[in-house]
Amino acid sequence: MAATLIIGIPVLLILALVILLKKEASASYKVIFILGVFTPFLVDILYCSALKNECPPDPLNVMGHLLLSVYVIAISSVIYRFLPARLKGP
């Protein structure tokens, strides 16, 4: 459940922002990539700082950040690809 929320909420937020911007396809994919790269850091800040959970330092955090970025970028890109044309930009 937590993994679904950690991946699902950023994907929905990124897609909502891209749909609201209504840019051309290449610009939309760039926005998806940039926001996907920043997602692990935002999730980490929210989880560790805002919710006051303990986050001990771990060398595998880098691998987790990388995988989360890849998952969010891939899922967002695939969903954006199959969105109807009326939701996309020009």
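Helices here are DSSP runs of H or I with at least four residues, numbered from the N terminus. By that numbering, K22 lies in the loop between α1 and α2. The legends below refer to a predicted model.

**Figure 1. Overall view of the three-helix protein.** The predicted model contains three helices and zero strands, arranged along the sequence in the pattern α-α-α. The C-alpha trace spans about 45 × 20 × 20 Å along its principal axes. The protein has 90 residues, of which 21% count as buried. Among contacts with a separation of 6 or more, 78% are between residues 24 or more positions apart.

**Figure 2. Close-up of the crossing of α1 and α3.** Helix α1 covers residues 2–21 and helix α3 covers residues 61–81. Their axes come within 9 Å and cross at roughly 45°. An angle under 35 degrees would count as roughly parallel, and 65 to 115 as roughly perpendicular; α1 and α3 are therefore oblique to each other. The crossing of α1 with α3 is right-handed. On the α1 side, the contact is made by I6, I7, P10, V11, I14, L15 and V18. The α3 side contributes L68, Y71, V72, I75, S76, I79 and Y80. Sorted by class, this contact of α1 with α3 comprises 13 nonpolar residues, one polar residue and no charged residues.

**Figure 3. Close-up of the crossing of α2 and α3.** The axes of α2 and α3 come within 8 Å, with a crossing angle of roughly 145°. α2 passes α3 in a right-handed crossing. From α2, the residues in contact are A25, S28, Y29, I32, F33, G36, V37, T39, P40, V43 and D44. They meet H65, L68, S69, V72, I73, S76, S77, Y80 and R81 of α3. By class, the contact of α2 with α3 has 11 nonpolar residues, seven polar residues and two charged residues.

**Figure 4. Close-up of S28 in α2.** Helix α2 runs over residues 25–50 and includes S28. The relative accessible area of S28 is 2%. Buried means under 20%, so S28 is buried. The side chains of S28 and Y80 are joined by a polar contact of 3.1 Å. Residues up to four places away in sequence aside, S28 touches V18, K23 and Y80. V18 is one of the α1 residues that meet α3, and Y80 is among the α3 residues that meet α2.

**Figure 5. Close-up of K22 in the loop between α1 and α2.** K22 is not a glycine, yet its phi is positive, at about 50°. Most residues other than glycine have a negative phi. The relative accessibility of K22 is 40%, and K22 counts as partly exposed. L87 is in contact with K22.

**Figure 6. Close-up of L87 in the segment after α3.** L87 has a relative accessibility of 26% and counts as partly exposed. With neighbours within four places in sequence left aside, L87 is in contact with I19 and K22. The C-alpha atom of L87 is separated by 8.7 Å from that of L20, and the two residues are 67 residues apart along the chain.

Note on methods:
Residues numbered from 1 in each chain as written. Predicted model: local features only at pLDDT ≥ 70, side-chain atom pairs only at ≥ 80, totals over all residues. Heavy atoms only, no water. Axes fitted to C-alpha atoms, helices over the stretch in contact; angles between N-to-C directions. Helix = DSSP H or I, 4+ residues; strand = E, 2+ residues; numbered from the N terminus. Parallel < 35°, antiparallel > 145°, perpendicular 65-115°, else oblique. Left-handed = near helix turned anticlockwise from the far one by under 90°. Contact = heavy atoms within 4.5 Å. Nonpolar A, V, L, I, M, F, W, Y, C, P; charged D, E, K, R; others polar. Buried < 20%, exposed > 50% of the residue type's maximum accessible area, 1.4 Å probe, protein only. Polar contact = N/O pair within 3.5 Å; in protein donor to acceptor, adjacent residues only side chain to side chain.
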